[in-house]
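User: Could you take a close look at one spot in this model for me and then work outwards from there? I'd like a connected walk through the surroundings rather than a list.

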Amino acid sequence: MSYFVRKKCVLILGCVLALLSQVQATVISEPLGLLPGDQYRLVFVTAGLKNAQSTSIADYNTFVTEQAMVSEELNGLNVSWYAIASTADIDAIDNTSTATSVSDISIYNLAGEAVAGDYMGLWSGTLGHAIGYDQYGNALSGAVFTGTAADGLGLADRQLGAVGYRVQMGNSGNTTASWVTLDWSGSLNELHYYAISDVITVPDVPEPGSMTLFGIMGMVCLRRKK
């Protein structure tokens, strides 16, 4: 192979690698293996950052919702989103409606991995997989404001908006209790947040007969138009 051919191959390879580096990771909004009618919830860590100065949980719910809406896949789900976070007025377990002791609704990250098999599993102190992915499907392991203990209850004087900057935080790359309650922050400066969806139901698949009927009707309409 001549020098010029080798140089051309290197340039082409460089262009291909550059394009691949710009490809957005895949967001799995419907985990594999689920059947029509099955229910589940999604969870992610926000790519964006926000401070922890507000004492109103509504501000944090709004933030994580805005973060979800910038993802085409998540926006298309048309569901509500909530911050896994506690203020002095409400605990994370209540804000996310995960206080039900009996629930078989599984929670998945955006890589399609089961974070918890049910609500009790979410607050058990051990996750099946780390939340670890942002709304674009990119891996993200970093500090997250939570104001919350491992059982989903707010930590006194460490909830979001706490005086003295002692807000509790977790790490999105962890699967132990430290995912939500690793340490307290020395400031209210901007960090990531966890977002969890409302319950999502896998849609029914049209029966083969119905699909055939739709196809026939389409052909008839096309013939009439011609």
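Analyst: Let's start at I90. Setting aside residues up to four places away in sequence, I90 touches I57, A85 and N95. This is a predicted model, so everything here is read from predicted coordinates. I90 sits in the loop between β2 and α4, the latter covering residues 92-95. Is I90 buried, exposed or something in between? With a relative accessible area of 23%, I90 is partly exposed, because buried would need a value under 20%. There is also a long-range neighbour to keep in mind: Q159 is 69 residues away from I90 along the chain, yet their C-alpha atoms are separated by 9.3 Å.

Right beside Q159 in the numbering is L160, so let's go there next. Which residues does L160 contact once its neighbours within four places in sequence are left out? The list is A52, S54, T55, Y60, A85, S86, T87, F145, T146, G147, V167 and Y193. A85 turns up here, and A85 is also one of the residues touched by I90.

L160 takes us into the largest nonpolar core. That core has 29 residues, and L160 is among those that touch the most other members, along with L42, A52, L74, W81, F145 and Y193. Three elements that each give the core at least two residues are β1 (39-45), α2 (57-69) and β2 (81-83). The largest share, 5 residues, comes from α2. There's a second, separate core too, with 20 residues, including A92, I107, L127 and L140.

From F145 we can step over to the sheet. It's an open one of 3 strands, ordered β5-β6-β7, and the pairing is antiparallel. The edges are β5 (143-145) and β7 (183-184), each of which pairs on one side only. Strand β6, residues 168-171, pairs with β5 over 3 bridges in the antiparallel sense. Within that pairing, V144 has G170 as its bridge partner in β6, and F145 stands opposite M169. On the other flank, β6 and β7 are antiparallel over 2 bridges, with W184 of β7 as the bridge partner of Q168. As for where the β6 side chains go, Q168 and G170 point one way while M169 and N171 point the other way, and all of them are buried.

Now for a couple of backbone oddities in the loops. Most residues other than glycine have a negative phi. D157 is not a glycine, but its phi is positive, at about 70°. D157 lies in the loop between β5 and β6, and at 61% relative accessibility it counts as exposed. S97 isn't a glycine either, and it has a positive phi of about 55°. You'll find S97 in the loop between α4 and β3 (106-108), where at 49% relative accessibility it counts as partly exposed, because exposed would need over 50%.

Finally, a word on confidence. Mean pLDDT for the protein is 86, and 80% of its residues reach 70 or more. Residues 3-23 have a pLDDT below 50, and this stretch makes 2 contacts in the model beyond near neighbours in sequence. Residues 209-214 are also below 50, with 1 contact beyond near neighbours in sequence.

Definitions and conventions: Residues are numbered from 1 along each chain as its sequence is written. Side-chain values use heavy atoms; hydrogens and water are left out. A nonpolar core is a set of buried Ala, Val, Leu, Ile, Met, Phe, Trp, Tyr and Cys residues joined through side-chain atoms within 4.5 Å. Buried means under 20% relative accessible area, exposed over 50%, partly exposed in between (1.4 Å probe, protein chains only). Helices (H or I, at least four residues) and strands (E, at least two) are DSSP runs, numbered from the N terminus. Contact means heavy atoms within 4.5 Å. Two strands pair if DSSP finds at least two bridges between them. pLDDT is the predictor's confidence in each residue, from 0 to 100.
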